[in-house]
Amino acid sequence: MEGRIIILGEHREGRLKKTSWEAIGLGRKLSAELGKEVCLALVGSEIDGLAREVSGRSGLEVVVLSNDYCRHYTPEAYCEALAEFAGTEHPYLVLLGHTYQTMDFAPRLAAMLDRGLIPNCVDYRCEAGQLVWVRQVFNGKLNLEVSPKGEPPCLVSLQQGAFPASEEDLGAPPQVVRRRIGVAEGALRRKLLEVMEAVQTRVDLSQAEIIVAGGRGLGSKEKFQLILDLAEALGAGVGASRPVTDGGWLPKEHQIGSSGQTVTPRLYIACGISGAIQHLVGMSNSGCIVAINKDPYAPIFQVADYGIVGDVFQVVPKLIEIAREIRS
Ligand SMILES: Cc1cc2nc3c(=O)[nH]c(=O)nc-3n(C[C@H](O)[C@H](O)[C@H](O)COP(=O)(O)OP(=O)(O)OC[C@H]3O[C@@H](n4cnc5c(N)ncnc54)[C@H](O)[C@@H]3O)c2cc1C
């Protein structure tokens with residue numbers, strides 16, 4: 001079957017990553033728009049349970065690519081598996097989430113296939129049957145439109161949160177195809193010795209449903225406690241603008257923005273944050289944005305769904321009180 005859209009799924013500890021669900025959502029949309037079939041490829045071993053679950057929930061055929069070297073991720077083993085699969089499938093388009101893992105292997109895969117890679121896309125449009133992809137440059141100040149040239153497939157990675165996730169459970173009969181993939185001699189140049197977990201933050205911000213973020217407007221490390229209290233009252237993750245982490249009020253992993261994390265919670269509460277473009281690119285795809293700032297002209301209000309013009313030291317304690325009351 002030629003010319004399908006292939007989504008490369010990323011999984012960890014038996015779960016498909018949120019970015020892969022987002023790619024599935026877009027893949028199904030493109031499939032309807034372009035009349036192309038779509039399938040999901042998963043690389044790994046002992047992942048049949050996950051493949052059946054994802055296939056049933058998404059209604060997509062899931063192709064499991066495995067060899068003796070795919071138990072743990074290495075860019076070489078993944079690229080060998082995916083290049084062989086793409087070589088036999090001749091896909092129309094390859095979609096993946098833009099993550100640390102895909103940043104590691106997607107350029108290599110594109111080079112192996114001798115095809116282009118358009119990374120970190122935030123939008124697309126279809127022009128006379130041709131896809132035009134939109135990606136942001138200069139810290140989100142400009143949008144660049146890119147259309148692939150040459151023979152398909154083009155590889156396209158999607159910015160986290162830019163496309164709505166498709167997580168509804170279709171309850172479809174699972175269609176799982178298993179393919180054993182060979183590895184060329186000498187292709188594997190590294191071996192995984194140990195997986196070391198990064199120091200865990202209180203909440204994984206990329207998966208958090210609610211984030212309370214504080215900025216320089218809080219004034220000091222001691223006063224930033226107010227943000228931690230609101231986060232605790234709401235069961236939320238704690239985010240920060242760069243001056244907060246630069247100043248050592250919070251560890252760097254809490255920073256949201258172009259040089260920090262990109263997050264897409266359902267609710268983002270920005271307290272004492274002005275809304276510089278470098279901050280906005282990390283959070284503007286949140287479901288609902290509430291901004292609290294004493295300056296009515298602060299740029300954060302331009303992306304906010306709800307704006308409270310006021311002093312954080314008056315507004316936030318009230319929110320904590322209400323949140324605690326509701327939760328108790
Ligand atoms: C290459 C580069 C990368 C960068 N990466 C990032 C990044 O990843 N993330 C990031 O956040 N920034 C980043 N920055 C910095 C960014 O440009 C801004 O300087 C930063 O986001 C500003 O943080 P802020 O909004 O907390 O502070 P400010 O801009 O100083 O804003 C503080 C806000 O608090 C309000 N305020 C003050 N007191 C109160 C009060 N009592 N009650 C209510 N409101 C109050 C003020 O009105 C003001 O709007 C980057 C900059 C560069 C050059």
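The exercises below, each with a worked solution, concern a predicted model.

**Exercise 1.** Determine the strand order of the open sheet of 5 strands, and state which strands stand at its edges.

Solution.
- Step 1. The order in this open sheet is β13-β12-β14-β15-β16, and the pairing is parallel.
- Step 2. β13 (237-240) and β16 (306-309) each have a single partner strand, so one side of each has no neighbour in the sheet; these are the edge strands.
- Step 3. From one strand to the next, the twist averages 15 degrees.
- Step 4. For one pairing in detail, take β14 (residues 267-271) and β15 (residues 288-293): 5 bridges join them in the parallel sense. Within this pair, A270 is opposite A291 of β15.

**Exercise 2.** Find which strands helix α5 touches and which strands helix α9 lies across, and give the angle each helix makes with a strand.

Solution.
- Step 1. Helix α5 (residues 225-234) packs on the sheet and touches β12 (210-214), β13 and β14. Its direction is at about 170 degrees to that of β12.
- Step 2. Helix α9 (residues 312-327) lies across β14, β15 and β16, and runs at about 135 degrees to β15.

**Exercise 3.** Compare the expected span of helix α4 with the distance between its end C-alpha atoms, then locate its bend and describe its buried residues.

Solution.
- Step 1. Helix α4 (residues 100-113) has 14 residues, and at 1.5 Å a residue it should span 20 Å. The count of rises is one less than the number of residues. The end C-alpha atoms lie 21 Å apart, in agreement with the expected value.
- Step 2. A bend of about 30 degrees occurs at A106, and the proline P107 follows within four residues.
- Step 3. The buried residues of α4 are Q101, T102, F105, A106, L109, A110 and L113. Residues three or four places apart in an α-helix point the same way, because there are 3.6 residues a turn.
- Step 4. Among the elements covering these residues are β1 (5-8), α3 (75-89), β6 (93-97), β7 (117-127) and β10 (154-158).
- Step 5. After α4 comes D114, with a positive phi near 60 degrees.

**Exercise 4.** Establish whether the two faces of β1 are covered or open, and identify the strands that pair with β1.

Solution.
- Step 1. I5 and I7 are buried on one side of β1, and I6 and L8 are buried on the other; both faces are therefore covered.
- Step 2. β1 and β6 run parallel and are joined by 3 bridges. I7 is opposite L95 of β6.
- Step 3. β1 also runs parallel to β4 (residues 38-43), with 4 bridges between them. L8 has A41 of β4 as its bridge partner.

**Exercise 5.** Classify the ring pair of F224 and W249, and say which parts of the chain it ties together.

Solution.
- Step 1. The ring centres are 6.2 Å apart and the planes are at 55 degrees, so the pair is tilted. Planes over 60 degrees apart would count as edge-to-face.
- Step 2. F224 is in the loop between β12 and α5, whereas W249 is in the loop between α6 (242-246) and β14; the pair therefore ties together parts 25 residues apart in sequence.
- Step 3. F224 has 1% relative accessibility and counts as buried. W249, at 17%, is buried too.
- Step 4. The structure holds 5 aromatic pairs. Another tilted pair is Y124 and W133, at 5.7 Å centre to centre and 40 degrees between the planes; both residues are buried.

Conventions
Residues are numbered from 1 along each chain as its sequence is written. This is a predicted model: local features need pLDDT of at least 70, side-chain atom pairs count only at pLDDT 80 or more; totals for chains, interfaces and linings use all residues. Side-chain values use heavy atoms; hydrogens and water are left out. Two strands pair if DSSP finds at least two bridges between them. Axes are lines fitted to C-alpha atoms, for helices over the stretch in contact, and angles run from 0 to 180 degrees between N-to-C directions. Contact means heavy atoms within 4.5 Å. The bend at a residue is the angle between axes fitted to the seven residues ending there and the seven starting there. Buried means under 20% relative accessible area, exposed over 50%, partly exposed in between (1.4 Å probe, protein chains only). Rings of Phe, Tyr and Trp (its six-membered ring) pair if their centres lie within 6.5 Å; planes under 30 degrees apart count as stacked, over 60 as edge-to-face and the rest as tilted.
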